Amino acid sequence: MLPRKWLGTIVAETDLYETDKEVQNLIDWVCLSKQIKENNNTIRNLTGEYKKIEPDCREGVWAKLERMKELCKERNNMYEKQNDLKGQKQKIEKSLER
């Protein structure tokens, strides 16, 4: 296989790319294959980085979800206490009206 710089020189100094469909397809195929390979490498790198980060994120998210559950329980308990207090207050107010 010709080195890339020779290929570039041949394409630049001749009209083979424009005149020969087979040459054009071959060059396009090589260029696309190179781009696909580069993209696959980028995808692998991104996936590897994601897999390194993911466990910490899940643990962090899990801890936050658990804290949110606790906060909701505490809030609900406070609502119940608040309703009980309001009920007691209303009873006292009614008894004071008499």
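Good morning, everyone; the protein I want to show you has 3 helices and 0 strands, where helices (H or I, at least four residues) and strands (E, at least two) are DSSP runs numbered from the N terminus. Read along the sequence, those elements give the pattern α-α-α.

Before the details, a word on the source. This is a predicted model, in which local features need pLDDT of at least 70 and side-chain atom pairs count only at pLDDT 80 or more, while totals for chains, interfaces and linings use all residues. Residues are numbered from 1 along each chain as its sequence is written, and side-chain values use heavy atoms, with hydrogens and water left out.

On confidence, the average pLDDT, which is the predictor's confidence in each residue on a scale from 0 to 100, is 85 for the protein, and 90% of the residues score at least 70. Among the elements, helix 1, residues 4-13, has the lowest mean pLDDT, at 68, and helix 3 has the highest, at 89. Where pLDDT is low, the predicted coordinates should not be read in detail.

Turning to the surface, 2% of the 98 residues count as buried, with buried taken as under 20% relative accessible area, exposed as over 50%, and partly exposed as in between, for a 1.4 Å probe and protein chains only. The accessible surface comes to about 9,400 Å², and 58% of that belongs to carbon and sulfur atoms; these areas come from the Shrake-Rupley method with a 1.4 Å probe, and for residues only the protein chains shown count as cover.

Now to helix 3, residues 21-97. If straight, a helix of 77 residues would span 114 Å at 1.5 Å a residue, yet helix 3 spans only 100 Å between its end C-alpha atoms; the expected span is 1.5 Å times one less than the number of residues. Where does helix 3 bend? A bend of about 35° is found at Glu 54, and a proline, Pro 55, follows within four residues; the bend is the angle between axes fitted to the seven residues ending there and the seven starting there.

At the N-terminal end of helix 3, Asp 20 acts as a cap, with a side-chain oxygen 3.0 Å from the backbone nitrogen of Glu 22. Further along helix 3 we come to Asn 41, which is partly exposed at 36% relative accessibility and whose side chain is joined to that of Arg 44 by a polar contact of 2.9 Å. A polar contact is a pair of N or O atoms within 3.5 Å; within protein, one must be able to donate a hydrogen and the other to accept it, and residues adjacent in sequence count only if both atoms are side-chain atoms.

Finally, the charged pairs: the whole structure contains 5 salt bridges, each a side-chain nitrogen of Lys or Arg within 4 Å of a carboxyl oxygen of Asp or Glu. One of them pairs Lys 69 with Glu 66, the closest N and O atoms being 3.4 Å apart, and these two residues are 3 apart in helix 3, so they are separated by about one helical turn. Lys 69 is partly exposed at 47% relative accessibility, and Glu 66 is partly exposed at 27%.

Which residues are linked in a network of salt bridges? They are Arg 67, Glu 70 and Glu 74: Arg 67 meets Glu 70 at 3.3 Å, N to O, and Glu 74 at 3.6 Å.
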